[in-house]
Amino acid sequence: MMARLSPLLILGLAALLTACASSPSSTLGELPRTPQATTQQLLQQADQSDPAKAAELRLAAADQSLTKGEAARARGILEQVPLDSLKPAQQIFASTLLAEIALIEGQPQQAQQALAHPAFERLGELPVDQQIRSQTVRARTLEATGQTLAAARERIFTAPLLSGTAAKENHEAIWGLLSALPAGESQGAGGDTDLDGWLSLATAVKQAGTFAQQQRAIDSWIAQHPQHPAAKQLPAALEQLRQLADQPLTHVALLLPMQGQLASVAQALRDGFLAAHLQAQQAGATDLRIELYDSSRITSLDAVYQQAQADGVQLIIGPLEKDLVRQLSERERLPITTLALNYSDAGRTTPPQLFQFGLAAEDEAREVARRAWADGHRRAIALAPRGEWGARILAAFRQSWEDAGGTLVAAEPLAEPVELANQIAALLQLRNSESRAQSVQNTLGKDVTSQPTRRQDVDFIFLAATPQQAQQVRPTLIFQYAGDIPVYATSHLHAANQNRTQYLDLDGIRFAETPWLLDPQLPLRQQIERQWPQAAGSLGRLYAMGADAYLLAPRLNQLLALPNTRLDGLSGTLSLNPQQRIERQLPWAQFRDGQVERLPLNPLP
């Protein structure tokens with residue numbers, strides 16, 4: 001028999017249930033409502049309201065300003081909102097706004113700090129639209145701070161909440177992030193099924209060497225993961241890849257100088273190329289016929305191409321000599337597709353059959369700008385050698401740094417060792433500090449103990465220098481009381497000779513370097529070193545370049561058709577720019593206690 005409850009008891013229970021149901025909401029708070037007023041009207045109303053209402057109105061006004069593209073005004077409005085006094089929902093809303101503003105202003109570290117607010121523990125209690133907004137800005141922040149895998153994971157977590165265009169854009173962004181990961185980082189994520197599936201797809205595509213192999217790898221992956229989001233909707237780049245016609249590369253020619261000043265360089269390039277070919281053969285790749293042409297003996301480039309056509313060559317790799325590359329770049333067209341192993345003058349219009357690849361110092365200067373910016377630096381001093389080479393590096397750094405929003409406080413040719421101390425003292429305005437101390441001493445009429453202090457408007461020094469030049473810079477900075485200023489350098493200061501004494505003089509300097517010289521365990525490097533031990537030193541960069549020429553050879557059409565393609569090479573991560581020049585992005589290392597220490601991909605701790 002069911003017991004009956006009195007009306008009074010029912011009312012009491014209803015009230016209790018209502019109180020329990022509203023309790024989480026009352027502690028969570030509410031998001032600002034969509035305003036039906038202008039930003040100025042909202043701010044005027046806030047000035048006449050109680051603190052709680054004023055905060056809500058100002059949050060709405062800041063959001064409205066940001067939507068209009070007025071980031072600076074939005075930040076100014078948020079500065080009037082007491083974040084600590086808000087309820088969690090409004091704290092999440094305000095912190096999300098702060099993160100969005102910080103990203104617009106190029107301050108990803110500030111965005112990361114904003115998103116670390118404890119209130120985000122309750123993000124899942126908010127409406128879906130706010131969850132999407134906060135999680136999207138978190139993914140963008142992780143990407144901006146170099147945390148590529150974490151950014152992809154965040155987007156995968158957000159994906160079920162999305163639909164329509166937003167879902168498609170997020171889907172493509174996931175692939176863009178994971179396909180950019182170096183091969184060694186495209187491993188399983190430990191139990192996250194969707195992420196593991198994405199990573200296995202990226203690995204399968206990267207490990208395949210030709211169009212046909214990549215197409216088979218994609219089809220095989222889809223068959224193994226039919227329910228995965230990427231199988232149901234293949235990323236656009238992979239769908240295009242599946243549609244490309246496979247044109248097998250079966251016959252190439254190496255055009256290199258086997259005599260003269262460049263003979264040792266050419267030999268390292270050749271041996272790196274042939275070693276990569278042998279490794280591919282051992283892995284079961286289709287055989288490739290390779291011709292060797294000696295460019296130091298040719299009478300004309302026309303004769304080379306005529307011989308290559310007669311031999312049935314599909315691709316010429318070379319020449320190495322800059323003058324020959326310049327001659328090719330001046331032609332309207334070439335009879336055979338050519339991957340030159342040097343660069344012509346920048347800005348020159350080249351024939352469509354010409355691709356250019358080399359160990360360009362400009363790539364490293366751009367890499368320094370990218371890394372220093374990601375590390376949170378904004379104001380730089382640049383030092384590069386005198387002459388055309390130093391001018392090119394400096395110009396590349398300046399353009400990339402200023403395009404990112406950085407300020408180049410000063411840039412000078414690197415002084416000779418006897419003048420280096422005075423040069424650094426002048427650049428860092430140490431003499432001004434000494435003059436002030438002397439002035440105080442003269443005024444007081446007695447000795448004043450003081451230590452020179454450097455200018456505080458410089459975040460780091462960009463250095464392009466030889467090992468011998470660079471060895472003078474760090475000790476000079478320490479001697480000049482400026483040892484705390486970070487130094488970012490190109491690979492040219494790294495002699496790769498394991499000289500601990502030399503490395504100690506470079507202690508603390510960060511530098512870009514090829515994967516080849518940072519990973520002694522690379523199978524191809526170990527294989528080559530057994531025959532040519534010099535590959536462990538600075539010549540290793542050339543062996544890596546030769547191996548990467550082999551990697552690029554069958555994929556030039558892919559790079560043309562899919563401009564966002566990135567190849568994990570041994571001289572860097574390779575991509576093709578609109579001028580058909582191969583650009584490299586390099587990993588990072590630093591000198592520490594006489595050793596080279598590789599830095600993580602993520603520039604933050």
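Start by selecting strand E14, residues 588–592, in this predicted model. E14 is mostly covered, with four of its five residues buried. Keep E14 selected and add strand E10, residues 510–512, which pairs with E14 in the antiparallel sense over three bridges. Show the side chains of Phe 511 and Ala 589: Ala 589 in E14 is the bridge partner of Phe 511.

Now go to the other neighbour, E15. E14 and E15 also pair in the antiparallel sense, over four bridges. Here Phe 591 has Val 596 in E15 as its bridge partner. Strands E14 and E15 form a hairpin with two residues between them, and in this hairpin Asp 593 takes a positive phi near 55°.

**The seven-stranded sheet**

Widen the selection to the whole sheet. Seven strands make up this open sheet, in the order E7-E6-E8-E9-E10-E14-E15, and the pairing is mixed. Which strands stand at the edges? They are E7 (407–413) and E15 (595–598); each has a single partner strand, so one side of each is left without a neighbour in the sheet. From one strand to the next, the twist averages 25°.

Move to the E7 end. Strand E6, residues 379–384, pairs with E7 in the parallel sense over six bridges. To see the register, pick Ala 380, which stands opposite Leu 408 in E7. Then add helix H19, residues 417–427, which packs on the sheet and touches E6 and E7. The direction of H19 makes about 160° with that of E7.

**The five-stranded sheet**

Clear the selection and pick E1 to E5. These five strands form an open sheet in the order E2-E1-E3-E4-E5, with parallel pairing. At the edges are E2 (289–294) and E5 (354–356), each with a single partner strand, so one side of each lacks a neighbour in the sheet. The twist in this sheet averages 20° from one strand to the next.

Zoom in on strand E1, residues 251–256, which runs parallel to E2 and is joined to E2 by six bridges. Leu 254 stands opposite Leu 292 in E2. Add helix H14, residues 263–282: this helix packs on the sheet, touching E1, E2 and strand E3 (315–317). The direction of H14 makes about 160° with that of E1.

**The cavity**

Leave Leu 254 on display, as this residue is part of the lining of the largest cavity. How many cavities of 30 Å³ or more does the structure hold? There is one. The volume of the largest cavity is about 40 Å³. To outline the cavity, select Leu 254, Leu 256, Leu 269, Arg 270, Phe 273, Ile 317, Leu 341, Met 545, Gly 546 and Ala 549. E1, H14 and helix H25 (540–552) each supply at least two residues of this lining.

**The second largest pocket**

H14 and H25 also lead to the next stop, since each supplies at least two residues of the lining of the second largest pocket. So do H17, helix H18 (388–404) and strand E13 (582–585). The pocket holds about 1000 Å³ of space. Its lining counts 35 residues, of which Tyr 343, Leu 359, Ala 360, Ala 361 and Glu 362 are the closest to its centre. Which helix gives the most to the lining? H17 does, with five residues.

Centre the view on Ala 361, found in helix H17, residues 361–374. Is Ala 361 buried or exposed? Ala 361 has a relative accessible area of 4%, so it counts as buried, the cut-off being under 20%. Leaving aside residues up to four places away in sequence, Ala 361 touches Trp 389, Ile 393 and His 492. Trp 389 is 28 residues from Ala 361 along the chain, and their C-alpha atoms are separated by 8.4 Å.

**Helix H10**

Finish with helix H10, residues 193–207. At 1.5 Å a residue, its 15 residues should span 21 Å, and its end C-alpha atoms are 21 Å apart, which agrees. Colour the buried residues of H10: Leu 195, Gly 197, Trp 198, Leu 199, Leu 201, Ala 202, Thr 203 and Val 205. To see what covers these residues, switch on the surrounding helices, including H8 (148–158), H9 (164–179), H11 (211–224), H12 (229–232) and H13 (236–243).

Technical notes:
Residues are numbered from 1 along each chain as its sequence is written. This is a predicted model: local features need pLDDT of at least 70, side-chain atom pairs count only at pLDDT 80 or more; totals for chains, interfaces and linings use all residues. Side-chain values use heavy atoms; hydrogens and water are left out. Two strands pair if DSSP finds at least two bridges between them. Axes are lines fitted to C-alpha atoms, for helices over the stretch in contact, and angles run from 0 to 180 degrees between N-to-C directions. Contact means heavy atoms within 4.5 Å. The expected span of a helix is 1.5 Å times one less than its number of residues. Buried means under 20% relative accessible area, exposed over 50%, partly exposed in between (1.4 Å probe, protein chains only). On a 1 Å grid over the protein atoms alone, a cavity is a set of points where a 1.4 Å probe fits but cannot get out, and a pocket is an open set with protein on both sides within 12 Å along at least five of seven lines; lining residues have an atom within 4 Å of a point. Grid points are joined across faces, edges and corners, and a volume is the space filled by probe spheres set on the points.
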